[in-house]
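Q: Please take a close look at one part of this protein, the run of strands towards the end of the chain. Please describe how these strands are joined and what the turns between them look like.

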Amino acid sequence: MISSITGISVPSITEEDLESKAQQRKILQYLYELNDKISHMLRNIDTENLTPELSKKISSAASPKDIEAAVSSQKASLISFKAAADREREALADKIITSASETKEELSKKLYESEEGIRSIVSRDFIARSEFDSYTLETLSSIEQLANGINILVSKCENIITDDSNATLGQYLAKLQTSYSFTADGLVIGQSDSPFKLYLKKDMIAITCGEDDNNEPIVIAYFSANGLEISSIERVRFGNMKFIPEANGSISFAVSG
C-alpha cells in the first residue's frame, strides 16, 4: 500500500555508522525493502493502493484535473524516496570498494548459434571483498541476429552479499536492463524498470506507456509528418515560453525571465 510508506524517512548516516557492521546491515536491509517496495508501487498505482487524500478526492467527485494532479504528486513523492534509496545504496557500495582487501575482475565473450540465428554475449564481472561484505557488479551486452531483426540487450546487476548468518545471502539489490529491437518496421527501445517505450517507425515517432487489455502498447504521444499529439500533458515549455493547461480546458501562455 502506498500509504504504508508515506511516513518512511531515510535514516541519517554518518561516516561512523559505516564503520559499524550492525549499522551497515541495518542500512542494507532498509535499502533492500525500500527499493523493492517503491519499484513495485511505481508500476502498480491503481484504485486499490491510493493514498487517503487521493481516495477522498475521488469519492467527493473531484475534477479529472484534481485527480491527475494528486496522482502526479504521489508519483513524485515515490520517485523522491527511490532516488534517496539509490544514493544511500551507492554510498554503501563505495564504502565496500574503498575498504576492499581483495578485488577481482573477469571479462568473458561467448558466441552461440541456433536454428533461428546467432547470439553473441560479452560480460564483465567485478567483485570487491572487505572484512564485512562483498560487492558484485555484473555488466552484460547481448546481440541476437535473426532473419527478421536484431535484438540488443544491455544489462547491469549489482549485489551486496553479507557474511551475517542472520541475513539472506546474495540478496538482490539492483538490476537494470535496456533493450533495443530492430525490425523492418522500425526500432523499439525500453528499460526493465520503466513502463515507457520509444518506437521509431517510418511514419512516426511514438512514446508508449504500458499495454491495454489486448496487450497492445498504449500510445501517449507521437510525432508524425503533419503534427504532434500528446494524450495527457501538464505543461509545455520552449525556452522561456511556457504553455499551461487550465481546468476549464483553455491554455495559458506565459513568458518567464
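A: The following account treats the strand pairing and the turns, and then adds some context from the rest of the chain. The model is a predicted one. The part in question involves strand E11, residues 236-238, and strand E12, residues 241-245, which run antiparallel and are joined by three bridges. Within this pairing, Arg237 has Lys242 of E12 as its bridge partner. The two strands form a hairpin with two residues between them. In that turn, Gly239 has a positive phi of about 65°.

Strand E12 also pairs with strand E13, residues 251-255; the sense is again antiparallel, and five bridges connect the two. Here Lys242 stands opposite Ala254 in E13. Lys242 is thus the bridge partner of Arg237 and also faces Ala254 across the second pairing. E12 and E13 likewise form a hairpin, with five residues between them. Its turn contains Gly249, whose phi is positive at about 95°.

As context, the secondary structure of the protein comprises four helices and 13 strands. Another of these strands is E4, residues 149-162, which contains Ser155. Ser155 counts as buried because its relative accessible area of 11% is under the 20% cut-off. Beyond its neighbours within four places in sequence, Ser155 is in contact with Glu138, Thr139, Leu140, Leu176 and Gln177. Over the whole protein of 257 residues, 25% count as buried. The accessible surface comes to about 16,800 Å², of which 52% belongs to carbon and sulfur atoms.

Notes. Residues numbered from 1 in each chain as written. Predicted model: local features only at pLDDT ≥ 70, side-chain atom pairs only at ≥ 80, totals over all residues. Heavy atoms only, no water. Buried < 20%, exposed > 50% of the residue type's maximum accessible area, 1.4 Å probe, protein only. Contact = heavy atoms within 4.5 Å. Pairing = 2+ DSSP bridges. Areas by Shrake-Rupley, 256 points an atom, 1.4 Å probe, with all protein chains shown as cover.
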